[in-house]
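Reader: I should be grateful for a close look at the metal sites of this model and at their surroundings. Please state the cut-offs behind each term.

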Amino acid sequence: MRAGIYRGIRTLVIEDVPDPVAGQGDIVLDVAVCGICGSDLHSYTEGAWISDGMGMGHEFAGRVRAIGPGVDGLALGDAVTVNPFVPCGQCAQCLSGRTNLCADASASGGTAFAEQILIHDVEVGRRVFAIPEGVTLEEACLLEPLSVGMRAVALSGATAGQTVAVVGLGAIGQCVVQVLRAQGVTGIIAVDRSTMRLQRALESGASATVDGSNGNLTDELIALTHATVSPFQEASDVDVVIECAGAVGLLPAVLRATKAGGSVVFVGLFSRPVEIDINTVVQKELRLCGSFAYTVADVKNAFELIATGRVDMASLITHRRPLDELGAAFDDQLDGESSIKVVVGPGS
Ligand SMILES: [Zn+2]
Ligand SMILES: [Zn+2]
């Protein structure tokens with residue numbers, strides 16, 4: 001089969017590799033579509049988490065091509081999507097339910113920029129999800145970023161009557177907006193520099209947008225909500241900020257804008273350490289919280305939203321490329337002005 005192989009910074013080569021074979025507990029999929037993740041971009045441009053000869057791609061859907069011994073509940077040709085994150089299930093974090101923080105997780109599903117992919121530890125409804133009638137494989141391939149959004153919203157504690165600002169409207173930020181809407185939150189302020197991304201968020205149910213490049217985020221959020229005052233500081237009436245951009249320059253404004261008693265959830269990775277004014281955190285009793293990947297429960301909840309049509313993942317796909325144009329697809333995804341999610345398929 002053909003597969004995209006990493007051969008150095010910004011170099012992905014389509015090569016012939018042996019077809020995978022399904023062993024005990026495995027299936028092989030014909031990959032229909034695979035999305036490009038932010039982490040894949042870091043691998044592509046910086047060589048992060050990858051070395052020569054490895055593949056990439058963990059946001060995918062496909063059809064069952066082969067079924068190994070010991071796999072129940074699937075038939076050849078079934079359309080499925082996959083939870084690529086495989087926790088050990090035995091360590092203290094797994095046993096406490098934080099399977100995303102597993103001490104011994106393997107991401108064995110990460111080579112789907114290829115015609116076929118081998119999936120280990122197949123368990124339907126946990127590791128592999130059967131795509132129902134009426135849901136396309138393209139929509140279902142966004143299960144993984146939606147799961148990231150699901151976890152961030154859960155950790156934020158946002159409730160229906162609150163106002164939530166979502167900073168950064170790449171695929172994760174857009175998924176956060178859609179999860180908030182699906183959970184009944186109507187006060188959603190979307191922040192990004194890209195007009196196209198802001199427009200997409202509005203169409204997905206955001207109530208207002210702010211251009212994050214114009215340098216006065218706190219004032220804009222105060223104008224959109226109203227000013228609130230804590231013992232020492234003025235803030236906006238935003239209860240929760242979900243930071244999906246790793247926007248170093250916006251962080252002071254984010255902390256200033258968040259209402260006293262509010263929360264800031266960090267989903268985006270920052271490219272460098274940043275200084276923050278801890279007094280702002282203390283005097284407003286802000287809760288700062290990281291959100292990393294997703295648990296098994298988050299994936300199940302995310303799949304439920306896709307399967308029941310309560311989110312519109314197709315609207316996030318801005319570009320489609322065949323596998324032969326994998327490098328060009330990565331370049332499309334790197335253009336944050338015009339892309340949200342780029343998907344690659346063997347023949348798309
Ligand atoms: Zn991803
Ligand atoms: Zn574990």
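Author: The account below takes the two metal sites in turn and then a neighbouring helix.

This is a predicted model, in which local features need pLDDT of at least 70 and side-chain atom pairs count only at pLDDT 80 or more, while totals for chains, interfaces and linings use all residues. Residues are numbered from 1 along each chain as its sequence is written, chains are lettered from A and ligands numbered from 1 in the order in which they are written, and side-chain values use heavy atoms, with hydrogens and water left out.

The zinc ion (ligand 1) is held by Cys37 (SG), His58 (NE2), Glu59 (OE) and Glu144 (OE) at 2.2 to 2.4 Å. Donors are N, O and S atoms within 2.8 Å of the metal (3.2 Å for Na, K and Ca); water is not among the atoms, so sites may look incomplete. The angles among the 4 donor atoms of ligand 1 run from 88 to 162 degrees, and the site is irregular. Four donors count as tetrahedral if all angles lie between 85 and 135 degrees; four count as square planar and six as octahedral if opposite donors are over 155 degrees apart and all others between 65 and 115; anything else is irregular. The donor residues of ligand 1 follow the spacing C-x20-H-E-x84-E. Cys37, in the loop between strand S3 (27–35) and helix H1 (38–46), and Glu144, in helix H4 (residues 143–156), are 107 residues apart, and the pair links distant parts of the chain. Helices (H or I, at least four residues) and strands (E, at least two) are DSSP runs, numbered from the N terminus. Both Cys37 and Glu144 are buried, that is, under 20% relative accessible area, with exposed over 50% and partly exposed in between (1.4 Å probe, protein chains only).

For the zinc ion (ligand 2), the protein donors are Cys88 (SG), Cys91 (SG), Cys94 (SG) and Cys102 (SG), lying 2.3 to 2.4 Å away. Its 4 donor atoms subtend angles of 102 to 118 degrees, so the arrangement is tetrahedral. The donor residues of ligand 2 are spaced C-x2-C-x2-C-x7-C. Cys88 counts as partly exposed because its relative accessibility is 26%, whereas Cys91, at 16%, counts as buried.

Helix H1 also contains Ser43. Ser43 has a relative accessible area of 5% and is therefore buried. Leaving aside residues up to four places away in sequence, Ser43 touches Tyr6, Ala48, Trp49, Ile50 and Met56, where contact means heavy atoms within 4.5 Å.
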